[in-house]
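Please examine the sequence and the structure shown here. The paragraphs that follow lead through them step by step.

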Amino acid sequence: MPRPPRHPISVPADRRDPRPRPVAPRRRRSRARTVVSAALWVVVAVGTLAFATSLAVPLWFQAQNQRLLIVTSGSMSPVFEAGDAVVMRKVDDPSQLKVGQIVSFWPLGSENLVTHRVVDLITLPTLRQDEETGRMVPVIDPETNQPRENRYIITKGDANDENDPNATPYTRVRGIVLDVHTGWGWLLEWTSSAVGRAVMLVPPLLALGTLELLAVRDARRRRREKAPNRDERHVDAYLQG
């Protein structure tokens, strides 16, 4: 049985220009966008480094069994001034104390740390108050039957004319000053304050947030550039149908 003649399938011709349209070149990132990103990363790097350093410096001295103390007065001028920082090592034995050393201690009746020079070392008997008479009497060591003695230091600020009013027991000496860092005190105080922490942390966080928003915007722009245009979608749908 003869087959009916086949009729060719006609595809409506596109009335627009049949010449292929040139592919738009991929948009390059503008110079301003690159400069902004670099500046934001610099803010992140500087803020992070400053905060890490503010934590690492005291920890490094602690690892060396030392401490950093901030000077708040000028009583030891010209050795160090207010705003400097001194490096202190803990005292483990009274024999480590010598005349001429600069030590940090708590004066009797005060919890404010003072850093002055040792001008004399003395030994005084340990006293206690007698309950019956109310007088201060020596404490007797039951093993030796001798009065117990304590070592004291006499201190003086280099900028002061007179010695400190009271002798300080060895047990109230916190440590011996080993070194002085000029100007570190104000910087350490600022970095440990709420304002300093905010200055070091808030700008990097804002910069990271801005970088994230810029990255999202760039990703959306790339998706729009890669998506087929309306005419291409129409032809594909016609051919597949």
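The model is a predicted one. A convenient place to begin is the outward-facing part of helix 2, where Trp186 and Leu187 are exposed. On the other side of helix 2, which spans residues 184-191, the buried residues are Gly185, Leu188 and Thr191. Viewed down the axis of helix 2, these buried residues fall within an arc of 140°, so they line one face of the helix. A general property of helices bears on this pattern. An α-helix has 3.6 residues a turn, so residues three or four places apart point the same way.

What covers the buried residues of helix 2? The covering elements include helix 1 (31-63) and helix 3 (194-226). Strand 1 (66-70) and strand 2 (85-90) also belong to this cover.

One residue of helix 1 illustrates such contact. Ser54 lies in helix 1, and Ser54 counts as buried because its relative accessibility is 13%, below the 20% limit for that class. Leaving aside residues up to four places away in sequence, Ser54 touches Thr191 and Met200. Thr191 is itself among the buried residues of helix 2.

The aromatic side chains come next. A pair of aromatic rings is described by the distance of the centres and the angle of the planes. With a limit of 6.5 Å between ring centres, the count comes to two aromatic pairs. In one of them, the rings of Trp60 and Phe61 have centres 5.2 Å apart and planes at 90°, so this pair is edge-to-face. How do the two partners stand with respect to the surface, buried or exposed? Trp60 counts as exposed because its relative accessibility is 52%, whereas Phe61, with a relative accessible area of 9%, is buried.

Phe61 also pairs with Trp184: the ring centres lie 6.4 Å apart and the planes stand at 75°, so this pair too is edge-to-face. The pair joins distant parts of the chain, since Phe61 belongs to helix 1 and Trp184 to helix 2, 123 residues apart. Trp184 has a relative accessibility of 31% and therefore counts as partly exposed.

Taken together, the ring pairs link Trp60, Phe61 and Trp184 into a cluster. Helix 1 thus appears in two parts of this account: helix 1 is included in what covers the buried residues of helix 2, and Phe61 in helix 1 pairs with Trp184 in helix 2.

Methods: Residues numbered from 1 in each chain as written. Predicted model: local features only at pLDDT ≥ 70, side-chain atom pairs only at ≥ 80, totals over all residues. Heavy atoms only, no water. Buried < 20%, exposed > 50% of the residue type's maximum accessible area, 1.4 Å probe, protein only. Helix = DSSP H or I, 4+ residues; strand = E, 2+ residues; numbered from the N terminus. Arc of directions from axis to C-beta. Contact = heavy atoms within 4.5 Å. Phe/Tyr/Trp six-rings, centres within 6.5 Å; stacked < 30°, edge-to-face > 60°.
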